[in-house]
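Here are a few short exercises to work through with the structure open beside you. Try each task before you read its solution.

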Amino acid sequence: MPVTGWKLDRKQRAALLQRLPPVWPDVIADHITLKSDVPAEEPLPSATEAEIVGSVDDDYGLQAMVVAIGGTTVRPDGGTYHITWSLDHNRGREAVESNDVIATLGWQPLPEPIPIRIEPARFG
């Protein structure tokens, strides 16, 4: 399933993982989805900067960071821009569950936004 979005800047990722420690054993902290099931000719997004503005941990094996891109956390499809930060595969958790967790539980704002560099990408 082709996806467009952004990859987390690899040079910044390690510092972010130190600053925002993963709660669950399987660390993801890899990408932000813009659109799923896109045709190969779908243009990549243009943004290269974002901010981590919040987080959620459902206490059942999934942690995500909420991201603002272009001043909004709301994706065009109505979902929430996020980075699945960590999860527990042994509890049957998958990254695809992050948006549902955010929609169900909401998210907690960080004390202050954390600027991040993001790289337009096609993946999946």
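**Exercise 1.** Decide whether E97 is buried, partly exposed or exposed, then find its salt-bridge partner.

*Solution.* This is a predicted model, so keep that in mind as you go.
- Step 1: E97 has a relative accessibility of 24%. Buried means under 20% and exposed means over 50%, so E97 counts as partly exposed.
- Step 2: Look for a side-chain nitrogen of Lys or Arg within 4 Å of a carboxyl oxygen. R93 fits, since the closest N and O atoms of R93 and E97 are 3.0 Å apart.
- Step 3: Now check the partner. R93 has a relative accessible area of 9%, so R93 is buried.

**Exercise 2.** Work out which parts of the chain the salt bridge between K7 and D30 ties together.

*Solution.*
- Step 1: Confirm the pair. The closest N and O atoms of K7 and D30 lie 2.8 Å apart.
- Step 2: Place each residue. K7 sits in strand 1 (residues 3–8), while D30 belongs to the loop between strand 2 (26–27) and strand 3, so the bridge ties together parts 23 residues apart in sequence.
- Step 3: Compare their surroundings. K7 is partly exposed because its relative accessibility is 24%, whereas D30, at 18%, counts as buried.

**Exercise 3.** Classify both residues of the K35 and E42 salt bridge by accessibility.

*Solution.*
- Step 1: The two side chains, K35 and E42, meet at 2.9 Å, N to O.
- Step 2: K35 has 36% relative accessibility, so K35 is partly exposed.
- Step 3: E42 comes out at 17%, so E42 is buried.
- Step 4: To put the pair in context, the model has a count of eight salt bridges by this rule.

**Exercise 4.** Describe the largest pocket: how much space does it hold, and what lines it?

*Solution.*
- Step 1: Start with the volume. The largest pocket holds about 410 Å³ of space.
- Step 2: Turn to the lining. The largest pocket has 17 lining residues, and H31, T33, S36, A95 and V96 are the ones nearest its centre.
- Step 3: Assign the lining to elements. Strand 3 (31–36) and strand 6 (82–87) are the elements that give two or more residues to it, and strand 3 supplies the largest share, six residues.
- Step 4: Sort the lining by class. Seven residues are nonpolar, seven are polar and three are charged.

Methods
Residues numbered from 1 in each chain as written. Predicted model: local features only at pLDDT ≥ 70, side-chain atom pairs only at ≥ 80, totals over all residues. Heavy atoms only, no water. 1 Å grid on protein atoms, 1.4 Å probe; cavity = no way out; pocket = protein on both sides within 12 Å on 5 of 7 lines; lining within 4 Å. Points joined across faces, edges and corners; volume = space filled by probe spheres on them. Helix = DSSP H or I, 4+ residues; strand = E, 2+ residues; numbered from the N terminus. Nonpolar A, V, L, I, M, F, W, Y, C, P; charged D, E, K, R; others polar. Buried < 20%, exposed > 50% of the residue type's maximum accessible area, 1.4 Å probe, protein only.
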